[in-house]
Structures are given as C-alpha cells and as structure tokens.
Amino acid sequence: MVPEHSKIDYSELKNHGTGSHGESEDFKIVTYPIDKYEIVVKLSSDGKFIGIVAIKINKDFIQQKQLHLLKGYHDVEEFYKE
Amino acid sequence: MFYQQGLDNALRLGDVLSGFVLSATTIDDPQKVISTQFSVSIEIPDFVVVLSPCCSIEKGVITLTPLIEVRSSFFNNPYFIEDLTRINRIMRPEDSVSPSVWKNLGQEEQNKRLQEGPTFAFSNLFIYEKNQLFKDYVLHRKEGNTSTNYYMIDFKNTHKINCSKIINPQDSPFHLKYLQLSIDSRSELRLKLAKFYSRIPDEDRTGDD
C-alpha cells in the first residue's frame with residue numbers, strides 16, 4: 001500500500017498545479033483537431049461547452065487517420081553517427 | 001507544454017519514475033540446448049519511463065525504459081538545436097539533416113527524399129524535454145562541448161518488470177512518479193511508438209503498400 005502521507009502529497013500537487021490539466025473534478029479540457037488547427041475547449045463535467053481555451057497549430061501537420069499513409073522514415077542515421 | 005503541471009494519482013504511458021532496477025541477459029552464442037554461458041547485467045538508472053500503454057499497466061507487470069543521454073550529433077542540425085523535441089514529430093526531409101549535409105546530397109538524392117514528404121526520422125527515439133529534475137551532462141563535439149539536460153528513450157531498449165504493487169494504473173506505486181507528459185506529448189509518444197511497430201519491411205510489401 002502507498003503510505004498515507006504520499007497520497008496527501010500527490011493530492012496537493014494535483015489540486016494546486018498551475019498548468020494545464022487534462023481533467024479535473026469540475027471541468028475537462030478537450031482538444032478537437034480541425035484541418036491544420038487544434039481547438040482546445042473547456043467542457044463542464046456533464047459535457048456542456050464552457051469556452052475556448054486555446055487555438056493551436058497541429059504540430060503533426062497531419063491528422064492521425066492519415067498517419068498510416070506516411071511512406072516510411074527519413075533515413076538519416078548515417079549522418080548522426082557518434 | 002511538454003510536461004503536465006501536477007501529477008495524476010495513476011501511472012501513465014510516458015511517466016518518468018525512479019526506484020526501478022533494470023536487468024538484461026547477454027548470450028554470446030545461443031544454442032538449442034540451454035547452457036550456462038550467459039550473463040545478466042543490472043542497471044539502476046536515475047529515471048525510467050513507462051512504455052506500457054496506460055490500459056496495460058496491470059496485473060503485476062510493467063514495461064520500462066531508461067532515460068539516456070542524447071547524441072551529440074543531434075546538435076549538428078540547427079533545426080534540432082532550436083528544439084530537440086522536434087525529433088519526436090514528423091519533419092520535412094530538408095529539416096532532417098543539417099543544411100550542409102542536405103546540400104552535399106546532390107539533386108537526385110534530394111529529389112528522392114523530397115518525394116517522401118514530411119515523416120518521422122529516428123524511428124526508435126523519443127526526446128524528453130529539459131527539466132530541472134535532470135542532471136546536466138556534457139556532450140563532446142568538434143565545435144566545442146555542449147552542456148544539456150535533454151534526455152531520450154530508445155524503443156529498442158525496453159525492460160519488463162514484475163512488481164506486485166502494480167494492480168492497475170490507479171492502484172500502483174505512483175508515489176515513484178516525478179514527471180508526467182502532457183496530453184499532447186503523450187499523444188506524440190503514442191504515435192511514434194505506433195509507427196515504430198507498424199513499419200512494413202520491404203520483404204512484406206505488396207503492390208498496395
């Protein structure tokens with residue numbers, strides 16, 4: 001079993017973090033990919049729209065469903081030998 | 001943001017943990033009849049990364065890989081110097097090598113690579129962003145030494161660990177967790193892992209591939 005004090009420490013960390021959380025008890029953050037953008041929205045715990053958190057460029061350039069279409073890898077190992 | 005601020009009370013794919021001992025068996029000349037000609041090496045890395053998918057962290061088993069130092073040669077490419085985690089994502093062919101290397105490839109080879117379009121490089125590697133938790137180390141280069149605390153993992157360097165404390169992601173020793181990837185970063189790790197295992201060897205290719 002995890003010591004009780006450790007549980008308290010991690011609860012503190014989770015509840016007092018200042019960055020972006022995937023989910024919390026009151027709301028959740030969901031990312032919707034649209035074309036080359038990603039729209040990050042905040043939803044209530046019952047799924048109601050609260051607001052837009054951020055609009056970002058999709059760093060992958062492509063959607064996940066297109067990933068399998070990638071032909072292969074850039075063969076560059078020979079240029080990065082130690 | 002590469003890491004999530006605040007940690008979940010559960011283990012996740014990509015989490016950075018400490019406190020695990022890794023082992024590897026070396027067999028120089030494997031035979032059909034098992035002999036005692038093998039050795040087992042033990043490694044106690046400062047940090048390891050969870051490579052089990054979140055839903056497969058259960059039943060007393062977890063897959064881990066140590067955080068290792070990055071290659072000094074990565075710093076020969078200005079595109080990587082700006083942000084070494086670009087190695088985790090797809091990139092244009094001309095960004096995958098330094099400008100001088102690209103120039104020396106010649107037009108024919110450049111065209112061949114340009115036809116591939118954006119895709120991954122370094123199929124088995126995933127970079128972990130710098131963090132104050134990690135020790136600095138020095139990379140020796142012709143152009144001068146470079147100090148960094150970027151680290152990386154190698155998908156070919158995985159270790160299976162039996163640990164009875166790992167019941168499921170929530171009922172596990174998550175107090176050993178130091179860093180957790182953001183949702184975006186974990187998605188990048190998942191995609192690169194998936195691509196690593198979904199590569200089709202030339203001998204298995206059909207006309208449709």
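Two strands are said to pair if DSSP finds at least two bridges between them. The exercises below apply this to a predicted model, for which the predictor gives the complex an ipTM of 0.83 and a pTM of 0.77. In chain B the mean pLDDT is 93, and 98% of the residues reach 70 or more.

**Exercise 1. Determine the order of the strands in the open sheet of chain B that contains β11, and identify its edges.**

Solution. Step one is to take the pairing of β6(B) with β11(B), which is antiparallel and runs over two bridges; two strands count as paired from at least two bridges, so this pairing qualifies. Within it, I68(B) stands opposite M152(B), a residue of β11(B). Step two is to extend the arrangement to three strands, which form an open sheet in the order β6-β11-β8 of chain B with antiparallel pairing. Step three is to find the strands that pair on one side only, and these edge strands are β6 (68-69) and β8 of chain B.

**Exercise 2. Trace the bridge partners of L64(B) in the strands β4(B) and β12(B).**

Solution. Begin with β4(B) and β5(B), which pair in the antiparallel sense over three bridges; here L64(B), in β5(B), is the bridge partner of V50(B). Then turn to the pairing of β5(B) with β12 (residues 159-162) of chain B, likewise antiparallel, which extends over four bridges. In that pairing H159(B), in β12(B), is the bridge partner of L64(B).

**Exercise 3. Describe the largest nonpolar core: which residues touch the most other members, and which elements contribute to it?**

Solution. The first step is to list the residues with the most contacts to other members: in a core of 36 residues, these are V49(B), V50(B), L67(B), I127(B) and M152(B). The second step is to assign the core to elements, and those giving two or more residues are β1 (16-17), β4 (48-50), β5 (61-66), β7 (120-121), β8 (125-128) and β11 (151-154), which belong to chain B. Among these, β8(B) gives the most, with four residues. The third step is to examine I127(B) individually: leaving aside residues up to four places away in sequence, I127(B) touches V70(B), L84(B), T85(B), I87(B), N88(B), Y150(B) and M152(B). As general background, nonpolar side chains tend to be buried together in soluble globular proteins.

**Exercise 4. Establish for the helices α4(B) and α3(B) which residues, and how many, are buried.**

Solution. Start with the geometry of α4 (residues 183-197) of chain B, whose 15 residues reach 21 Å from the first C-alpha to the last, close to the 21 Å expected at 1.5 Å a residue. Next, take burial to require 20 or more other C-beta atoms within 10 Å; S185(B), E188(B), L189(B) and K192(B) are the buried residues in α4(B). Seen down the axis of α4(B), these residues fall within an arc of 100°, and they therefore line one face of the helix. The buried residues of α4(B) pack against β7 and β8 of chain B. Finally, turn to α3 (residues 107-116) of chain B, where the number buried among 10 residues is zero, so that α3(B) lies largely in the open. After α3(B) comes G117(B), which has a positive phi, near 75°.

**Exercise 5. Give the pattern of elements in chain A and state what percentage of its residues count as buried.**

Solution. Count the elements, which are one helix and four strands, and then read along the sequence of chain A to obtain α-β-β-β-β. Of the 82 residues of chain A, 4% count as buried. To complete the picture, consider contacts in chain A between residues at least 6 apart in sequence, of which 7% join residues at least 24 apart.

Note on methods:
Residues numbered from 1 in each chain as written. Chains lettered and ligands numbered in written order. Predicted model: local features only at pLDDT ≥ 70, side-chain atom pairs only at ≥ 80, totals over all residues. Buried ≥ 20, exposed ≤ 12 C-beta atoms within 10 Å, placed from the backbone. Contact = placed C-beta atoms within 7 Å. Core = buried A, V, L, I, M, F, W, Y, C linked by C-beta atoms within 7 Å. Expected span 1.5 Å × (residues − 1). Arc of directions from axis to C-beta. pLDDT = per-residue confidence, 0-100.
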